[in-house]
Amino acid sequence: VFRAHDPVGGRLVAIKAFRLDLTPEQAAELAVELEDLAANQPQHPGMAAALAAGVEGVTPYLAQEYVAGEALDAVLRQFGPPPPAEALTTLRRVADALDRAAGEAIHHGMLHPRDILVAAGGEARVIDLGVAQALVRSGLRLPVRRPYSAPECVDDRSWGGAADIFSLGAIA
């Protein structure tokens with residue numbers, strides 16, 4: 001993931017480069033899927049918006065809204081568990097973002113504490129919504145992120161919103 005400046009939008013963006021062992025055709029197919037995600041992802045204050053996508057050589061990339069914050073796993077390692085009320089606020093915000101995306105048939109599929117960024121004010125934002133679906137539609141297998149991956153994702157079976165509920169429960 002790289003931080004960059006978008007001169008057109010006048011803002012910082014996060015660019016995720018997918019450095020996978022892909023053929024040029026697979027890279028192009030994944031880039032098309034990511035472009036579709038950027039064009040159709042719903043907006044919600046609890047999610048980092050997908051802004052644009054493309055391919056450079058055989059490296060597909062996705063540009064997302066930059067979130068100035070730390071990943072939830074790093075926050076937990078540094079500060080320990082938050083008070084219950086604060087934890088519930090974070091979980092509710094993430095659940096609301098997942099629910100909003102699910103309303104558009106967009107799911108995370110591999111939610112992990114690294115995919116929840118916590119800003120200085122404590123507000124949580126989910127990154128990479130829809131990326132797993134783009135990977136699967138491109139013929140790629142999802143990475144297993146134990147203990148957060150739902151059984152259907154681990155077993156390479158069909159999955160949907162229930163996988164996100166499982167992952168959020170594991171994070172909680």
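**Packing around Val 94 and helix H1**

Me: In this predicted model, with which residues is Val 94 in contact, leaving aside its neighbours within four places in sequence?
Reply: Val 94 is one of the residues that touch the most other members of the largest nonpolar core, which holds 38 residues. Once its neighbours within four places in sequence are left aside, the residues in contact with Val 94 are Leu 111, Ile 116, Ala 124, Val 126 and Leu 168.

Me: Which element supplies the largest share of this core?
Reply: Several helices and strands each supply at least two residues of the largest nonpolar core, among them strand E3 (50–56), helix H3 (84–102) and helix H6 (161–171). The largest share, five residues, comes from H1.

Me: How many residues make up the second, separate core?
Reply: Apart from the largest core there is another, separate one, and its members include Ala 48, Ala 71, Leu 117 and Ile 127. The size of this second core is five residues.

Me: Within what arc do the buried residues of H1 fall, seen down its axis?
Reply: The buried residues of H1 are Ala 27, Leu 30, Ala 31, Glu 33, Leu 34, Leu 37 and Ala 38. They line one face of the helix, because seen down the axis of H1 they fall within an arc of 165°.

Me: Which residues are exposed on the other side of H1?
Reply: The buried residues of H1 are covered by elements that include E3, strand E4 (59–65) and H4. On the other side of this helix, the exposed residues are Glu 25 and Ala 39.

How values were computed:
Residues numbered from 1 in each chain as written. Predicted model: local features only at pLDDT ≥ 70, side-chain atom pairs only at ≥ 80, totals over all residues. Heavy atoms only, no water. Core = buried A, V, L, I, M, F, W, Y, C linked by side-chain atoms within 4.5 Å. Buried < 20%, exposed > 50% of the residue type's maximum accessible area, 1.4 Å probe, protein only. Helix = DSSP H or I, 4+ residues; strand = E, 2+ residues; numbered from the N terminus. Contact = heavy atoms within 4.5 Å. Arc of directions from axis to C-beta.
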